[in-house]
Amino acid sequence: MKIAFFDTKPYDRPSFDKFGREYGVEFKYFETKLNEDTVELAQGYDGVCAFVNDTVNAAVIDRLQEMGVRVLAMRCAGYNNVDVKHAFKRLHVLRVPAYSPYAVAEHTMAMLLTSIRRIHKAYIRTRDFNFSLSGLTGFDLYGKTVGVIGTGRIGRVFIDICRGFGMKVLAYDKFPAEGLDNGDTIRYVTLDELFERSDIISLHCPLTEDTYHIINEASLARCKQGVVLLNTSRGALVDAEALLTGIKSRKVGAACLDVYEEESDFFFEDLSGHILEDDTLARLISMPNVIVTSHQAFLTEEALENIAETTVTNLVGFFEKGECPNELCYRCGAAEDCKRGKCF
Ligand code: NAI
């Protein structure tokens, strides 16, 4: 089978070549993102493989269907960039529900420690033989309260890591996990209570209508003075303008962002020779207490291998057995409840 692979980066190819060879899947790598302008490149392919910043809207889906492309293999967990409702009965959408929750949770903690122990500042100082400590005072994580929004795979690994530091956990989830609340160090609370009592807030929920701008002017107003915000989930969970205002007013003590609402225009590209067009992003990056990484949390060797293997086996399962356990299905309402690709 021949698959058109969009938004290819050099680090994608080794693992996809390896598993493609092993399972007889041929990938044609395109550097461009998938969108209405580039969808024609999929002509003659059995399926397309896309990532977080490709645009799979109704127009793209209709054109893929017209060209006889039957399957979209997302090589990621999130699918907010796919119009899953429109895809129903037009295009089978497969995804990789989990590839390494550890990669994302560990990156979240790496950003938190970097930020609050001022490692990003110390690194630059000592490279310049500046060994002064002024302005580098941090705070202990031990005994602090972390609010975790979304207690799925990544949220739960992050909770384990935080518990290793002796932190108290307040959790919020629309569908709380059974057995996680121990009545003591890990408690499920309301969203408002989480905002009011957390020293650090970390987002690990998907981007949905419910969670769009879950961090906004009103929620930040409820937060503790100096709250630290971590977002390694999806950019649009945070109203970036409200965050900027919160940082300027000192309400927000620090922010660590691996994702940004408008990231598809910038992230994954080398724009070092250009003038950044997004004033909000530029202002955020200019802040001494903001750390931005460009959707890097997933990027470990283990995760890349798992992504490639699951994507390839998803495709093989779909084309050879006619079903895939990782198919998203609008009729079933959610990926987790899907009747395993048998709805159409
Ligand atoms: P998951 O599906 O295992 O967990 C998500 C949790 O969020 C579930 O427990 C669910 O009940 C909860 N949830 C759903 N709606 C909610 C709401 N309205 N309020 C609060 N909680 C809600 O997903 P997983 O694997 O833990 O991933 C979480 C998110 O991390 C993904 O949706 C994706 O956006 C992001 N992600 C980011 C990556 C990166 O490289 N930065 C890589 C992989 C995922």
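In this predicted model, V48 makes a good starting point: setting aside neighbours within four places in sequence, V48 is in contact with I3, A4, F6, L34, A42, L64, V69, V71, L72 and A73. V48 also belongs to the largest nonpolar core, a set of 51 residues. Within that core, the members touching the most others are F16, F27, L34, V48, L64, L72 and L315. Helix α11, which spans residues 301-321, supplies the largest share of this core, with eight residues. A second core, separate from this one, holds 32 residues, including L191, L237, F267 and V290.

Aromatic rings come next. The structure contains 10 aromatic pairs. One of them joins F5 and F27, whose rings meet edge-to-face, with 5.7 Å from centre to centre and 85° between the planes. F5 is part of strand β1 (residues 2-5) and F27 is part of strand β2 (residues 26-29), so this pair ties together parts of the chain that are 22 residues apart in sequence. Are these two residues buried or exposed? With a cut-off for burial of under 20% relative accessible area, F5 counts as buried because its relative accessibility is 0%, and F27 counts as buried because its value is 12%. The rings of F318 and F319 also form a pair, and it is edge-to-face because the planes stand at 85°, with the centres 5.2 Å apart. Here F318 is buried at 4% relative accessibility, whereas F319 is partly exposed at 25%.

Ring pairs can also join up into a group: F5, F16, F27 and Y29 are linked in this way into a cluster. Two of its members, F16 and F27, are among the residues that touch the most other members of the largest core. A ring may have a charged partner too, as K2 lies over the face of Y45, at 5.3 Å from the ring centre.

Helix α10 (residues 279-286) offers a clear example of a helix with a buried side. Its buried residues are T280, L281 and L284. Why can they be said to line one face of the helix? Viewed down the axis of α10, these buried residues fall within an arc of 95°, so they line one face. Their cover includes α9 (240-248), β11 (252-257) and β12 (290-292). At the start of α10, a side-chain oxygen of D278 comes to within 3.0 Å of the backbone nitrogen of T280.

The loops hold some further points of interest. Most residues other than glycine have a negative phi. Against this background, R118 has a positive phi, near 60°, and R250 has a positive phi as well, near 75°. R118 is placed in the loop between α4 (101-116) and α5, while R250 sits in the loop between α9 and β11. Their surroundings can be compared through accessibility: R118 is buried, with a relative accessible area of 15%, but R250 is exposed, with 59%.

Another loop residue is D128, located between α5 (119-127) and β6 (145-149). D128 is exposed, with a relative accessible area of 60%. Along the chain, D128 and E301 are 173 residues apart, and their C-alpha atoms are separated by 32 Å.

Definitions and conventions
Residues numbered from 1 in each chain as written. Predicted model: local features only at pLDDT ≥ 70, side-chain atom pairs only at ≥ 80, totals over all residues. Heavy atoms only, no water. Phe/Tyr/Trp six-rings, centres within 6.5 Å; stacked < 30°, edge-to-face > 60°. Helix = DSSP H or I, 4+ residues; strand = E, 2+ residues; numbered from the N terminus. Buried < 20%, exposed > 50% of the residue type's maximum accessible area, 1.4 Å probe, protein only. Lys NZ or Arg CZ within 6 Å of the ring centre and 35° of its normal. Arc of directions from axis to C-beta. Contact = heavy atoms within 4.5 Å. Polar contact = N/O pair within 3.5 Å; in protein donor to acceptor, adjacent residues only side chain to side chain. Core = buried A, V, L, I, M, F, W, Y, C linked by side-chain atoms within 4.5 Å.
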